[in-house]
Amino acid sequence: MKQLQVEADHPYSVHIGAGAFDLFADAYRSLLDAADQIVVIADERVAELHLSYLLDFLTDWDVRILTIPAGESAKSVETFMSCHSFLLSENCSRDSLLLAFGGGATGDVAGFVASTFMRGIPFIQLPTTILAHDSAVGGKTAINHELGKNMIGTFYQPKAVLYDSKLLSTLPPGEVRSGMAEVIKHAFISNEKWLEDLLAIRDFSSLTEEDLNHHLEKGIAVKAAIVEEDEFESGVRKYLNFGHTLAHALEGHLGYGKLTHGEAVVLGMSYALLLSEHSKLDKFISWSVANGYPLQLLGEIHFDALLPYMKKDKKSSKGQLNFVLLKQTGKPFIEKIEVQRASAAYEKLVLQIGEVI
Ligand SMILES: NC(=O)c1ccc[n+]([C@@H]2O[C@H](COP(=O)([O-])OP(=O)(O)OC[C@H]3O[C@@H](n4cnc5c(N)ncnc54)[C@H](O)[C@@H]3O)[C@@H](O)[C@H]2O)c1
Ligand SMILES: [Zn+2]
């Protein structure tokens with residue numbers, strides 16, 4: 001098992017690998033013992049598959065369970081309120097502890113609940129998806145507003161992240177693909193050699209648990225280093241949005257749920273690489289096609305349909321579009337792009353993808 005430290009407003013550890021849950025009764029025993037109530041907020045699908053496994057590590061404590069809808073639909077005001085109602089009905093106090101058990105969606109809503117219940121109670125992230133190597137670290141919590149994703153939330157760090165890789169074996173291929181997109185994003189913004197290793201993967205099902213842990217650990221290290229430098233996103237943390245300007249526009253245009261977040265990010269990264277004139281664009285397109293990312297979708301969507309969403313992006317200002325670009329691997333920067341140039345680049349990308357598919 002690996003351990004990484006995140007030096008945020010309070011330092012905490014991320015434990016990665018099989019056996020991470022053994023730490024409840026070990027390194028985190030005093031945290032659990034100190035709680036007057038322990039509540040697990042679990043994604044209902046994850047609960048079906050893995051709750052009994054988790055509870056086997058928690059037999060020393062009296063634990064309350066609340067299941068919430070699977071995936072993105074949990075990031076709603078309704079689920080947020082139902083979590084608070086549950087905590088109140090269970091007589092939770094400021095000394096209670098939350099355990100967030102699920103993917104990024106569960107972590108985001110449960111983290112938001114932890115940060116707001118009686119002005120903040122401690123919580124531990126127990127991520128169960130590959131994508132959550134990104135979301136469970138860094139302390140961003142959120143629910144969605146009907147006018148925009150992640151529009152309501154806080155910065156609130158967990159007390160620890162226990163990432164048991166055994167749970168990842170039940171992920172459907174689409175969720176593996178989604179999560180690996182954020183892994184390769186972390187490689188693009190940090191490390192050429194690691195990027196090359198990832199680009200050599202033509203089929204994610206060939207990854208062993210050990211390989212996966214290796215990539216997750218590297219991804220978390222990149223995320224942790226950036227969060228340590230810029231916890232509240234006034235500078236370098238924006239680089240984590242590489243590929244995300246177009247990705248969010250695609251998600252907004254298609255409606256959430258048509259594409260997974262990671263799939264949208266891969267399409268967005270191919271666009272950002274073209275805008276950057278990065279030498280690895282061809283290789284990246286070929287990797288994306290081999291691994292089943294739906295690049296062909298870009299040819300079915302007109303740039304003008306995406307533009308309004310890109311203009312609303314948190315990074316854009318006064319009608320100009322701001323993108324995270326990358327001339328050299330590991331050296332991201334932000335550049336303003338005129339709409340005309342952005343549109344021409346989109347057409348060029350569609351043509352280039354058409355030649356490969
Ligand atoms: N806070 C952050 O910094 C941050 C960063 C990136 C993404 N996010 C958020 O994360 C969310 C996406 O997270 P995600 O990709 O983990 O998706 P998710 O939480 O929606 O889970 C995806 C699906 O996988 C299922 N699932 C989860 N674990 C499973 C397992 N072990 N086996 C089988 N099925 C499992 C879930 O039930 C769900 O249907 C988005 O809401 C995004 O906004 C947050
Ligand atoms: Zn993302």
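**Domain contacts, cores and the zinc site**

In this predicted model, 26 residues of domain 1 are in contact with 29 residues of domain 2. The two domains into which the protein is divided span residues 2-170 and 173-356, respectively, and their centres, taken over C-alpha atoms, are separated by 27 Å.

The largest nonpolar core comprises 76 residues, among which Met 180 and Tyr 271 touch the most other members. The greatest contribution to this core comes from helix H10 (residues 261-276), which supplies 10 residues. Because residues of both domain 1 (2-170) and domain 2 (173-356) take part in this core, it lies between the two domains. When neighbours within four places in sequence are set aside, the contacts of Met 180 are with Ile 130, Leu 198, Phe 204, Leu 207, Leu 212 and Tyr 293. A second core, separate from the one just described, is made up of 25 residues, including Ala 35, Val 63, Ala 160 and Leu 167. Nonpolar side chains in soluble globular proteins tend to be buried together.

The zinc ion (ligand 2) has as its protein donors Glu 182 (OE), His 244 (NE2) and His 261 (NE2), which lie 1.9 to 2.1 Å from the metal. Along the chain, the donors follow the spacing E-x61-H-x16-H. Distant parts of the chain are thereby linked, with Glu 182 placed in helix H6 (residues 173-188) and His 244 in helix H9 (residues 244-254), 62 residues apart. Both Glu 182 and His 244 are buried.

Helix H2 (residues 44-55) has as its buried residues Val 46, Ala 47, His 50, Leu 51 and Leu 54. Viewed down the axis of H2, these buried residues fall within an arc of 145°, and they therefore line one face of the helix. The exposed residues Glu 48 and Ser 52 are carried on the face of H2 that is turned away from the buried side. The elements covering the buried residues of H2 include strand S3 (38-43), strand S4 (63-68), strand S5 (97-102) and strand S6 (123-127). At the start of H2, the backbone nitrogen of Arg 45 is approached to within 2.8 Å by a side-chain oxygen of Asp 43.

In the loop between helix H3 (77-89) and S5 is found Ser 96, a buried residue whose relative accessible area is 1%. The side chain of Ser 96 is joined to that of Asp 36 by a polar contact of 2.6 Å, and the Ser 96 side chain also reaches the backbone nitrogen of Ser 93 at 2.9 Å. Apart from neighbours within four places in sequence, the residues in contact with Ser 96 are Ala 35, Asp 36, Gln 37, Ile 121 and Pro 122. Of these, Ala 35 is also included in the second core of 25 residues.

The loop between H3 and S5 also contains Asn 91, for which phi is near 55°, a positive value in a residue other than glycine. With a relative accessible area of 62%, Asn 91 is exposed. A positive phi, near 55°, is likewise found for Glu 233, which is a residue other than glycine and lies in the loop between helix H8 (209-229) and H9. The relative accessible area of Glu 233 is 22%, and this residue is accordingly partly exposed.

Tyr 12 is located in strand S2 (residues 11-16) and counts as buried, at 2% relative accessibility. Not counting residues up to four places away in sequence, Tyr 12 touches Leu 4, Gln 5 and Val 6, together with Val 137, Gly 138 and Gly 139, and further Gln 157, Pro 158, Lys 159, Ala 160 and Val 161. A polar atom of the Tyr 12 side chain lies 3.1 Å from the backbone nitrogen of Gly 138, a residue that is also listed among the contacts of Tyr 12. The C-alpha atoms of Tyr 12 and Ala 74, which are 62 residues apart along the chain, are separated by 26 Å.

Technical notes:
Residues numbered from 1 in each chain as written. Chains lettered and ligands numbered in written order. Predicted model: local features only at pLDDT ≥ 70, side-chain atom pairs only at ≥ 80, totals over all residues. Heavy atoms only, no water. Core = buried A, V, L, I, M, F, W, Y, C linked by side-chain atoms within 4.5 Å. Buried < 20%, exposed > 50% of the residue type's maximum accessible area, 1.4 Å probe, protein only. Helix = DSSP H or I, 4+ residues; strand = E, 2+ residues; numbered from the N terminus. Domains from an automatic or database assignment. Contact = heavy atoms within 4.5 Å. Arc of directions from axis to C-beta. Polar contact = N/O pair within 3.5 Å; in protein donor to acceptor, adjacent residues only side chain to side chain. Donors = N, O, S within 2.8 Å, 3.2 Å for Na, K, Ca; no water.
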